[in-house]
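Trainee: Got a minute to go through this model with me?
Mentor: Yes, put it up and ask away.

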Amino acid sequence: MKIKAGKDLLLGFLYAPGKGDEINEPIWGRTRLEKMMFIFEKELAEGFYHNVDVALPEFIPYLYGPYSMELLDDLTLFIALQFINETETSVAITGETASIQDTIQNENDDLWDEVSEENPSQYEKSYSLSEIGLEYTEQRVWSELTDIQKSVIIRLKTQINNMLLDDLLNYVYNKYPEYAENSIIREKYLGKEIRL
């Protein structure tokens, strides 16, 4: 029998500290969250679970690379249960390579005005645990992990949260090109140097 681990893993990534020591550092954007879970599954899950048969979200090649409907369903469920806060930020999603800090500092640029006026849904969302989600995750998920498992989650979250989104997509598309085959943005990323 497979142990379902996707929901716990999602909560664990949200609970984990990132660059600082503060737990529950927000994860910026669904794409970043999805690619974080995808990289974990492809590169870390086998050693993380030590030969325990676990069921993680299944990823398929889709319009923006690896995509998991199950992960999206889990995220939607936890938002509905008020375990996860989904917060629309003032950070515009653009096709440009810019860090979140750069985007915030340049809020008055013409690009910012175009994005905000033409399509208000083009804002980045951040995800973090609510108070209920924090309490549940601390008691039922995080406390069940070993120190090594916690360290793996913290390192991956820190690394991916601090990457430019373009760099993250470049890494995923080039390391796993089979998941880029249906992507409408693959030409932008395929064939470039990869690094994580």
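**Cavity and helix packing**

Trainee: Which residues line the largest cavity?
Mentor: Arg30, Leu33, Glu34, Tyr67, Leu71, Leu72 and Leu75 form the lining of the largest cavity. Bear in mind that this is a predicted model.

Trainee: Which elements give two or more residues to that lining?
Mentor: Those are α2 and α3, the latter covering residues 69-80.

Trainee: And how does the lining divide into nonpolar, polar and charged?
Mentor: The split is 5 nonpolar, no polar and 2 charged residues. Arg and Glu count as charged, so the 2 charged ones are Arg30 and Glu34.

Trainee: How much space is in there?
Mentor: The largest cavity holds about 50 Å³.

Trainee: How many cavities of 30 Å³ or more turn up in the whole structure?
Mentor: The search finds 1.

Trainee: Switching to the helices. How do α1 and α2 cross?
Mentor: Helix α1 spans residues 6-15 and helix α2 spans residues 30-48. Their axes come within 11 Å and cross at roughly 120°.

Trainee: What is that orientation called?
Mentor: Oblique: angles of 65 to 115 degrees would count as roughly perpendicular and those over 145 as roughly antiparallel, and α1 and α2 therefore fall under oblique.

Trainee: Left-handed or right-handed?
Mentor: The crossing of α1 and α2 is right-handed.

Trainee: Which residues meet there?
Mentor: From α1, Gly6, Leu9, Leu10 and Phe13; from α2, Leu33, Met36, Met37 and Phe40. By class, that contact has 7 nonpolar residues, 1 polar and no charged. Leu33 of α2 is also one of the residues lining the largest cavity.

Note on methods. Residues are numbered from 1 along each chain as its sequence is written. This is a predicted model: local features need pLDDT of at least 70, side-chain atom pairs count only at pLDDT 80 or more; totals for chains, interfaces and linings use all residues. Side-chain values use heavy atoms; hydrogens and water are left out. Axes are lines fitted to C-alpha atoms, for helices over the stretch in contact, and angles run from 0 to 180 degrees between N-to-C directions. Helices (H or I, at least four residues) and strands (E, at least two) are DSSP runs, numbered from the N terminus. Angles under 35 degrees count as roughly parallel, over 145 as roughly antiparallel, 65 to 115 as roughly perpendicular and the rest as oblique. A crossing is left-handed if the near helix is turned anticlockwise from the far one by less than a right angle, and right-handed if clockwise. Contact means heavy atoms within 4.5 Å. On a 1 Å grid over the protein atoms alone, a cavity is a set of points where a 1.4 Å probe fits but cannot get out, and a pocket is an open set with protein on both sides within 12 Å along at least five of seven lines; lining residues have an atom within 4 Å of a point. Grid points are joined across faces, edges and corners, and a volume is the space filled by probe spheres set on the points.
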